[in-house]
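Here's a quick briefing to read alongside the model. Have the sequence and the 3D view open while you go through it.

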Amino acid sequence: MRKLIAIWAGKLLTVAGKIIGKKSSSSPGAFALKICPTLVNDINKIVKKKVIVTCGTNGKTTTNNLMASALEAKGYKVLCNRLGANMLSGVATAYLQAASIFGKIDADYACLEIDEAYTPIVFKQVKPDIMVITNLFRDQLDRYGEIDITVDIIKRAIKEAGNVKLVLNADDPLCVQFGREKGVSASYYGISEKVLPQVDDTKEGRFCPICGRELDFEYYHYSQLGKFNCPNCGYTRPRPQYDVKDVSLKTPIRFSINGKPMEVNYKGFYNIYNLAAVYAAMDIAGEGTEDFAGLLKAYKPQIGRMQEFSFSKPVILSLSKNPAGFNQAISTVNTDERKKDVIIAINDLANDGRDVSWLWDVDFHKIKDENLNTLTTTGIRVYDITLRFKYAGIDVDMMTDSMKEAVKAALKTDNEVVYVLVNYTALYPTEAVLKELERGEKA
């Protein structure tokens, strides 16, 4: 009875939240868990096939939602926390929203995105059959601390999970180490060719996690992702069972996985990793991958994942919340050969991390190319990001505390595209501004 009351209360809070314009992705679950702390502990019994969880610093929302969409395209019913609320409360919200008023859930699969720091907590109630780990980068130092702390947390979670199959990024030396844990079954995916120019890049995990020696790279893709080898202890990139080659970054992106050609209309090199992770997890789950690219046609990117808005010229919104993510967003901006205006918003609220020293680890100097017209800074920490550009040798054309003002100014230029790069708490307000302006232009 307590579980039913928790579900009813959570459903009422969801409806109330939507009436006042909130996403209701986490708070209904948090409230329901106070009524019934064991609300989600029967997920493994409810799900007919498998529970697949995804964690990692970057790409987990996209990977998780791609997985759910691909399985739904096969006709399966999927329990999924699509909005990226990835703590126990977010899982609980997805659970109660999927439940009937009698507490029943009909699900073939559960696809759950889990915050790295919360994996041991969630795994006490939900035991994954398959665990995807996308990558590990420095992120929110005041919350996570250094990467070593996150590694230890994930190792504890793997032990808590028990008999779980790991799907690991073969190109990330920090991820590969999880496959060495005792009693672990691990499969790897990776990009087995040099694709990007080998320019200087911030390598956050460039030291061997086994012996501490600096790693050698035959080539790298970005940050510490690439073909690595430790000259001291022999720790090396494993041969991936799910091998990506033949990469073309022109739109649409083309590549092959184990020789099977793929073509997807996404932006960003990093999305190839997300797609390869989904392909690997589905194959390990026993699902056919013959029409993998076709399964993803119905997928719509989550908010801020190179999300495009239609004005007199396209405006592209991208969530970039840590150095590795920002560097990849800048790389994607630079591969666009159109004349462009760029807006960058930085906040420092609790969900962003109060410590913004990470801005100095971003290669902001690379955003200065011949196709950049104007650069605008905004957000709570507008002065910090503007100062960072001063030290990068780049002039900021406009500083403002209003995203609406920034977008309106960019839309008045004669350039071809606008990119808006924001960190986490700036994402939803920026989306609201863009939707409002989009409606106004169409009216």
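What follows covers the cysteines and then one helix.

This is a predicted model, where local features need pLDDT of at least 70 and side-chain atom pairs count only at pLDDT 80 or more, while totals for chains, interfaces and linings use all residues. Residues are numbered from 1 along each chain as its sequence is written, and side-chain values use heavy atoms, with hydrogens and water left out.

**Cysteines**

- You'll find zero disulfides here (a disulfide being a pair of cysteine sulfur atoms within 2.5 Å).
- Cys175 can't bond because its closest cysteine sulfur, in Cys55, is 8.1 Å away, which is too far.
- Cys230 is in no disulfide either, and its nearest cysteine sulfur, that of Cys211, sits 3.4 Å away.
- Cys175 is buried at 0% relative accessibility, and Cys230 is buried too, with a relative accessible area of 2% (buried means under 20% relative accessible area, exposed over 50%, partly exposed in between, using a 1.4 Å probe and protein chains only).

**Helix 13**

- Helix 13 spans residues 382-391, and its buried residues are Val382, Ile385, Thr386, Arg388 and Phe389 (helices are DSSP runs of H or I with at least four residues, strands are E runs of at least two, and both are numbered from the N terminus).
- Those buried residues lie on the same side of helix 13 because they cover an arc of only 155° around the axis (taken from the directions from the helix axis to the C-beta atoms).
- Turned away from that buried side, the other face carries the exposed residues Tyr383, Lys390 and Tyr391.
- Just after helix 13, Gly393 takes a positive phi of about 80°.
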